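Please open the model in your viewer and keep the sequence panel beside it. The tour below goes from one selection to the next and says what is to be found at each stop.

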Amino acid sequence: MGKVQQVDCECKEKKTEFSLVRVKGTWKSKPGKKINKDPVDCVSPAKIFESVTEHGTSWTVVSPITFTYKVTETHGLLDPGNSTLLVGHITDSQQLEDIKKSNKPIRRFIVIDQEVCDIYGSKLTEYLEANNVMYKILALPTTEENKSMETALKILDEVNNFGLDRRTEPIIAIGGGVCLDIVGLAASLYRRRTPYIRVPTTLLSYIDASVGAKTGVNFANCKNKLGAYIPPVAALLDLSFIQSVPRRHISNGLAEMLKMALMKHKGLFELLEEHGCMLLDTKFQADNTVYGHSSQKAASQATRIAITTMLEELAPNLWEDDLNRLVDFGHLISPALEMKVLPSLLHGEAVNIDMSYMVYVSHESGLLTEEEKKRIISCMVGLELPVWHEEFTMELIQKSLQDRLKHSGGLVRMPLPVGLGQAEIFNSTSYDVLYRAHVKWCEELSVSSDSTCDA
Ligand SMILES: NC(=O)c1ccc[n+]([C@@H]2O[C@H](COP(=O)([O-])OP(=O)(O)OC[C@H]3O[C@@H](n4cnc5c(N)ncnc54)[C@H](O)[C@@H]3O)[C@@H](O)[C@H]2O)c1
Ligand SMILES: [Zn+2]
């Protein structure tokens with residue numbers, strides 16, 4: 001065993017590192033990094049570091065926590081023969097076997113967006129009845145205005161009345177990003193952490209809100225001010241829900257997809273450039289008489305790339321400790337714009353206006369050619385997204401970037417495209433560049449954007 005104790009002479013600190021080992025059912029701290037495994041059942045990845053000084057003793061606990069969650073794309077999630085909704089989150093094969101053999105009915109508490117319930121509620125009930133599930137369906141108007149602690153508490157009240165086995169009965173959320181965020185927060189509060197499942201029914205929540213770990217509600221007039229980083233046990237994705245989503249909300253989701261394309265995937269950009277209109281017309285559905293098989297191929301490619309690129313950025317940074325995030329593209333100025341003009345812009349629309357301006361910043365900085373800039377803007381217009389807004393002023397830009405400096409460790413950390421499907425983070429974009437980009441952006445896009453918005 002190596003040297004385990006260090007005495008720092010100047011401040012007279014004695015430091016000891018302990019490993020934690022389980023011997024006959026009880027945990028014991030053992031000094032040192034290397035443990036002789038023989039008499040030990042299990043060595044924990046956790047450590048305790050003890051420090052003794054003349055002022056007292058302190059223990060620093062390092063306890064690594066692993067989150068495992070599944071993102072599953074499936075067809076016919078509400079077809080009675082598809083068991084994914086009930087057992088798709090289970091990773092342990094023995095547990096799955098036990099459930100299949102057991103005669104005990106499965107119990108599930110389900111929160112569903114009211115509008116989604118109006119469309120899919122009877123199908124959901126039939127599914128649960130056919131699978132002999134004991135259930136409670138709570139339909140709520142999960143709108144941005146109701147994205148509050150009050151709604152979360154209402155859910156918790158009903159969950160408490162229903163009674164849940166925290167280990168085996170995950171709460172299921174079915175709806176758009178608002179519903180998934182509120183239920184996720186409620187679940188993470190109930191008995192300190194009850195597992196939950198996300199079933200997204202909008203395009204935005206399908207490729208964005210479902211994939212990560214964030215939950216939240218609005219508070220003190222700020223978006224998602226209360227929340228937690230607790231991922232669902234599973235996100236169960238079925239594109240068929242998207243068929244009833246209004247066209248404007250499909251564009252809204254396409255904005256977040258375009259963000260990933262511009263930051264990291266040229267192929268996805270080209271796909272959106274070429275097939276954006278078809279994706280809007282077909283609403284990502286397979287059985288389309290006009291476009292045939294090509295619509296299904298484009299839809300599944302686009303969602304798959306959007307999800308995998310998003311997972312690549314999120315998985316190593318689940319709690320957003322690393323502040324250099326490409327997924328922040330389009331989210332530097334847009335939150336202030338979105339709140340300022342609420343409810344006239346949807347989230348993805350505000351994000352797109354921000355991205356459109358940033359494309360001009362990139363061009364002005366010599367990072368994008370004129371042709372690349374034009375291609376990106378015309379792709380945005382093709383996706384029926386706004387590319388300009390009169391409230392997106394230099395004042396709003398400066399104020400938002402100053403706020404960002406405060407919350408991002410003193411650096412602006414501005415993701416900018418440096419070619420199609422490539423990006424880097426910049427910290428020193430000058431006021432001059434921001435200003436020139438804004439002038440050009442207004443000159444070139446204010447007129448065309450007016451006509452797009454009126455259409
Ligand atoms: N947690 C995250 O990582 C994350 C990421 C992105 C966005 N969000 C959050 O997501 C929210 C936006 O999500 P959204 O765009 O899905 O909005 P939303 O949840 O408000 O849904 C949009 C509208 O579509 C309706 N709807 C939902 N599914 C439908 C369907 N299949 N058919 C017909 N109508 C349907 C809803 O009733 C609602 O009126 C924001 O609050 C945002 O903060 C969270
Ligand atoms: Zn977003």
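## Stop one: helix H4

Select helix H4 and pick out Thr-151, Ala-152, Ile-155 and Val-159, which are buried in this helix; a residue is called buried if 20 or more other C-beta atoms lie within 10 Å of its own, exposed if 12 or fewer, and partly exposed in between, with the C-beta atoms placed from the backbone. These buried residues cover an arc of only 100° around the axis, which puts them on the same side of H4; the arc is that of the directions from the helix axis to the C-beta atoms. An α-helix has 3.6 residues a turn, so residues three or four places apart point the same way.

Before going on, note that this is a predicted model, in which local features need pLDDT of at least 70 and side-chain atom pairs count only at pLDDT 80 or more, while totals for chains, interfaces and linings use all residues. Residues are numbered from 1 along each chain as its sequence is written, and chains are lettered from A and ligands numbered from 1 in the order in which they are written.

Now turn H4 around: the face turned away from its buried side carries the exposed residues Glu-150, Asp-157, Asn-160 and Asn-161. What covers the buried residues of H4? Select strand S7 (107-113), strand S8 (134-140), strand S9 (171-175), helix H5 (177-189) and strand S11 (214-219), which are included in that cover. Helices (H or I, at least four residues) and strands (E, at least two) are DSSP runs, numbered from the N terminus.

If your viewer has a distance tool, try it on the ends of H4: the 14 residues of this helix (residues 149-162) should span 20 Å at 1.5 Å a residue, and the end C-alpha atoms are 20 Å apart, which agrees. The expected span is 1.5 Å times one less than the number of residues. Just after H4, Gly-163 takes a positive phi of about 75°.

## Stop two: Gly-177 and Tyr-127

Select Gly-177, which lies in helix H5 and counts as buried because it has 25 C-beta neighbours inside 10 Å. Leaving aside neighbours within four places in sequence, Gly-177 is in contact with Thr-202, Leu-204, Ser-205 and Ala-209, where contact requires that the C-beta atoms of two residues, placed from the backbone, lie within 7 Å. Thr-143 is 34 residues from Gly-177 in sequence, and their C-alpha atoms are 9.5 Å apart in space.

Next choose Tyr-127, whose place is in helix H3 (residues 114-130). Tyr-127 is buried, with 21 other C-beta atoms within 10 Å, and it touches Leu-78 and Pro-80 when residues up to four places away in sequence are not counted.

## Stop three: a hairpin in the open

Move to strand S2 (residues 13-23), which is joined to S3 by six bridges, the two strands running antiparallel; strands pair if DSSP finds at least two bridges between them. S2 and S3 form a hairpin with two residues between them, and Lys-24 in the turn has a positive phi of about 50°. Is strand S3 (residues 26-31) largely buried or in the open? Of its six residues the number buried is zero, so S3 lies largely in the open.

## Stop four: backbone angles

Most residues other than glycine have a negative phi, and most peptide bonds are trans. Select the loop between S11 and strand S12 (222-229), where Ala-220 is found; its phi is near 50°, a positive value in a residue other than glycine. Asn-221 is found in the loop between S11 and S12 as well, and has a positive phi of about 65° although it is not a glycine. Ala-220 counts as exposed, with 6 C-beta neighbours inside 10 Å, and Asn-221 is exposed, with 8 other C-beta atoms within 10 Å.

Then find Pro-343, in the loop between helix H10 (334-341) and helix H11 (347-364), where a cis peptide bond with omega of about 0° joins Leu-342 and Pro-343.

## Last stop: the whole chain

Zoom out to the protein chain, which has 14 helices and 15 strands and whose C-alpha trace spans about 75 × 70 × 40 Å along its principal axes. Of its 455 residues, 38% count as buried. Colour domain 1 (5-62), domain 2 (70-245) and domain 3 (248-454) separately; these bounds come from an automatic or database domain assignment.
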